[in-house]
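User: I am new to this structure and would like a close look at one part of it. Please choose one strand and explain how the rest of the chain is arranged around it.

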Amino acid sequence: MNTKPHKRHGLTQLGNEQAQPVYYRRGTHCPVMVFIRRANEEKFTKVPGWLINISEDSCLISSDHFPKKAYEIRIQFPGLSTKFKGKARKQGEFTILVQFSNDLPTRIVDKIALISQKSAD
């Protein structure tokens, strides 16, 4: 006798869930300036970092100088004057996965992904 619950077929779920967009990460290696605010603090700390990868909804940044428990983040990419807002989704000792407040346009993500250390100097 089979006691396993029945699997739901994917077609029965089509109308019940909103489709989440799938964004692909682009590998990159360029310097960025990260402005980090910890919870319960008002001031932002300016931290130099390296962009490891980026997609329309998030990016991974590495640095030796991140404060513990980053809360609000603003990132300035080379060649762009705008600071992009986000929150720390995951934080390691030397990395932060940043979830952008608003998805970035694909053309901007592609432009940032093409920047290398040599062209950013």
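The answer below follows strand β1, from its partners to its charged residues.

Analyst: A word of caution to begin with: this is a predicted model. Let us start with the setting, then move to the strand.

The protein has 121 residues, and 31% of them count as buried. Its secondary structure comes to two helices and six strands. Read from the N terminus, the order is β-β-β-β-β-β-α-α. The accessible surface is about 8,800 Å², with 51% of it belonging to carbon and sulfur atoms. Take the contacts with a separation of 6 or more: 58% of them involve residues 24 or more positions apart.

How do the six strands close up? They form a barrel in the order β1-β2-β3-β6-β5-β4, with antiparallel pairing. From one strand to the next, the twist averages 45 degrees. In general, the strands of a sheet pair through backbone hydrogen bonds, either parallel or antiparallel.

Now to β1 and its partners. Strand β1 runs antiparallel to β2, and nine bridges join the two. Here Val 32 stands opposite Gly 49 in β2. The hairpin of β1 and β2 has six residues between the strands. In that hairpin, Asn 40 takes a positive phi near 65 degrees.

Strand β1 also pairs with β4. That pairing is antiparallel too, over six bridges. Here Val 34 stands opposite Ile 75 in β4.

Elsewhere in the barrel, β5 (residues 83-91) and β6 (residues 95-100) pair in the antiparallel sense over five bridges. In β6, Val 98 is the bridge partner of Ala 88.

A helix also comes into the picture. Helix α1 lies across β1, β2 and β5. It runs at about 110 degrees to β1.

Next come the charges. How many salt bridges does a search of the whole structure find? It finds four. Three of them are described here, and they involve Arg 26 or Arg 37.

Take Arg 26. It forms a salt bridge with Glu 56, with the closest N and O atoms 2.9 Å apart. Arg 26 lies in strand β1 (residues 26-38), while Glu 56 lies in the loop between β2 (45-54) and β3 (58-62), so the pair ties together parts that are 30 residues apart in sequence. Glu 56 counts as buried, at 4% relative accessibility.

Arg 26 forms another salt bridge, with Asp 110; the closest N and O atoms are 3.0 Å apart. This pair links distant parts of the chain: Arg 26 is in strand β1, and Asp 110 is in helix α1 (residues 106-113), 84 residues away. Is Asp 110 buried or partly exposed? At 35% relative accessibility, it counts as partly exposed. Arg 26, Glu 56 and Asp 110 are thus linked in a network of salt bridges.

Then there is Arg 37, which also lies in strand β1. Arg 37 forms a salt bridge with Glu 72, and the closest N and O atoms are 3.0 Å apart. Glu 72 lies in strand β4 (residues 70-76) and Arg 37 in β1, so the pair ties together parts that are 35 residues apart in sequence. Recall that β1 and β4 are also paired over six bridges.

Where does Arg 37 sit, buried or exposed? Its relative accessible area is 15%, so it counts as buried, the limit being under 20%. In fact, both Arg 37 and Glu 72 are buried. What does Arg 37 touch, leaving aside its neighbours within four places in sequence? It is in contact with Glu 42, Lys 43, Phe 44, Ala 70, Tyr 71 and Glu 72.

One more check concerns the cysteines. A search of the whole structure finds zero disulfides. Cys 30 is in none, and the nearest cysteine sulfur, that of Cys 59, is 9.5 Å away. Why is there no bond here? A disulfide needs the two sulfur atoms within 2.5 Å, and 9.5 Å is too far for a bond. Cys 30 is buried, with a relative accessible area of 0%. Cys 59 is also buried, at 0% relative accessibility.

To pull it together: β1 pairs with β2 over nine bridges and with β4 over six. Helix α1 lies across it. Through Arg 26, β1 is linked to Asp 110 in that helix. Through Arg 37, it is tied to Glu 72 in β4.

Key. Residues numbered from 1 in each chain as written. Predicted model: local features only at pLDDT ≥ 70, side-chain atom pairs only at ≥ 80, totals over all residues. Heavy atoms only, no water. Buried < 20%, exposed > 50% of the residue type's maximum accessible area, 1.4 Å probe, protein only. Salt bridge = Lys/Arg side-chain N within 4 Å of Asp/Glu carboxyl O. Helix = DSSP H or I, 4+ residues; strand = E, 2+ residues; numbered from the N terminus. Contact = heavy atoms within 4.5 Å. Areas by Shrake-Rupley, 256 points an atom, 1.4 Å probe, with all protein chains shown as cover. Pairing = 2+ DSSP bridges. Axes fitted to C-alpha atoms, helices over the stretch in contact; angles between N-to-C directions.
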